[in-house]
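I opened the notebook to record what I looked up in this structure, entry by entry.

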Amino acid sequence: SKKQISFVTQLEEVKLIKRYYPKNFFPFLGIDQRHKEGVDLVTWAKPYFQSGVVRDNVVYPYFCGLKLYPALGFFPFDLRLMELYAYAEENGLPVMSHCTRVGSQYIGDFIESLIPDEPAMIVSANGNAAIDAMQSSVVGRIAAYKQRAWVKSNRQGKNDLACDLFSHPENYIPLLEVFPKLKLCLAHMGGSSEVIGSTSGDLRDTSQVVPLSRSRQIEAIMKKYPNLYTDISYTLSDFKDHKGSVLQAVNSLLNAKDDQGELLGQRVLFGTDFFMTEQENRESELYAMTNKNLAAWWDIIGRVNTQKFLMQPV
């Protein structure tokens, strides 16, 4: 059997790569509040951002942001993450979160204990209408899932429906309300199947009168919150499929305007999702495909937006 390598050891190995490529390697630190929580989580994370590689009298921190993967069994609005979000906001650290139905997921036997009827969440001190509405929606969604036995402790590998609850785009509204300067990216526009609406909207979200696909939900939230980003990584591998509808949907998002009249394309990031997309196309092919089909946006999504998201304080 293969020898298991601890999480901390893997992080040290990432730091070694940073020493070779300090100016063009920007790893994100994976976060899970079941590892450490609250102030202890911040204390653990700080050294990865407050130390780094020195080149030409410039310090390049070992890590540049935080990565969340809620489908592994937690809600992003978990109270145990609040102090870390505050630290990220204060220090201009971007947060990247998985936001599709597919991918890795919690495979344990106790999914019911991870999804209470009314999960606690970050709230503002004086109450907040947006959070109240979101909380009501979450509670209704959880009740609908449980009624259909989609949240049920079982043998490993049968939690795919339940884990959809963790990654729903609405879950990030409390973060955006309480931490208005926090830079957050919901990855992949929700996934290609959501972009083209092949699921006929968010069918499992029975709390909505008019179901919306996850990509449409992300777009709606982006229009309200100017620090919310998304990316086209992996999604771009389907530009030639589905009769061009994925590319058409991406173009539509890029040219939509937010509530301040700014183009949403100013908050869309280029990425390939290497090495996952090696199943579909080579990296060079994905680059060429994007450069060709989104020529007017290429420099913006590939350089300007990425620089703003990764490097510049809000």
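I started with helix H9, which spans residues 214-224, and found that Glu-219 and Lys-223 both lie in it, four residues apart, or about one turn of the helix. In this predicted model, Glu-219 forms a salt bridge with Lys-223, and I noted 3.5 Å between the closest N and O atoms. I then looked up the accessibility of each partner: Glu-219 has a relative accessible area of 13% and is therefore buried, the cut-off being under 20%, whereas Lys-223, at 27%, counts as partly exposed.

I next asked how many salt bridges a search of the whole structure finds. The search gives ten, and I wrote down two others in some detail. Asp-78 forms a salt bridge with Arg-80, with the closest N and O atoms 2.8 Å apart. Of these partners, Asp-78 is buried, with a relative accessible area of 14%, while Arg-80 is partly exposed at 31%. Asp-32 forms a salt bridge with Arg-34, and here the closest N and O atoms are 2.7 Å apart. For this pair I looked up the arginine, and Arg-34 counts as partly exposed because its relative accessibility is 37%, which falls between the limits of 20% and 50%.

I turned to the aromatic rings and found that the structure holds ten aromatic pairs. I picked out Phe-75 and Phe-77, whose ring centres are 4.9 Å apart and whose planes are at 15°, so I entered the pair as stacked. Are these two residues buried or exposed? Phe-75 is buried, with a relative accessible area of 6%, and Phe-77 also counts as buried, at 0% relative accessibility. I noted as well that Phe-7, Trp-44, Tyr-48 and Phe-63 form one aromatic cluster.

While on the rings, I checked for charged side chains placed over them. Lys-15 lies over the face of Tyr-62, at 4.7 Å from the ring centre. Arg-148 lies over the face of Trp-150, and the distance from the ring centre there is 5.9 Å.

I then looked for enclosed empty space. A search of the whole structure finds one cavity of 30 Å³ or more, and I recorded a volume of about 40 Å³ for the largest cavity. Which residues line the largest cavity? I listed Ala-71, then the run from Thr-100 through Arg-101, Val-102, Gly-103 and Ser-104 to Gln-105, and finally Asp-160, Cys-163, Asp-164 and Ser-167. Sorted by class, this lining has three nonpolar, five polar and three charged residues.

My last entry concerns Leu-286, which I located in helix H11, residues 283-293. Leu-286 has a relative accessible area of 0%, so I put it down as buried. I also looked up its separation from Gly-271: the two residues are 15 apart in sequence, and their C-alpha atoms are 9.2 Å apart in space.

Terms used. Residues numbered from 1 in each chain as written. Predicted model: local features only at pLDDT ≥ 70, side-chain atom pairs only at ≥ 80, totals over all residues. Heavy atoms only, no water. Helix = DSSP H or I, 4+ residues; strand = E, 2+ residues; numbered from the N terminus. Buried < 20%, exposed > 50% of the residue type's maximum accessible area, 1.4 Å probe, protein only. Phe/Tyr/Trp six-rings, centres within 6.5 Å; stacked < 30°, edge-to-face > 60°. Lys NZ or Arg CZ within 6 Å of the ring centre and 35° of its normal. Salt bridge = Lys/Arg side-chain N within 4 Å of Asp/Glu carboxyl O. 1 Å grid on protein atoms, 1.4 Å probe; cavity = no way out; pocket = protein on both sides within 12 Å on 5 of 7 lines; lining within 4 Å. Points joined across faces, edges and corners; volume = space filled by probe spheres on them. Nonpolar A, V, L, I, M, F, W, Y, C, P; charged D, E, K, R; others polar.
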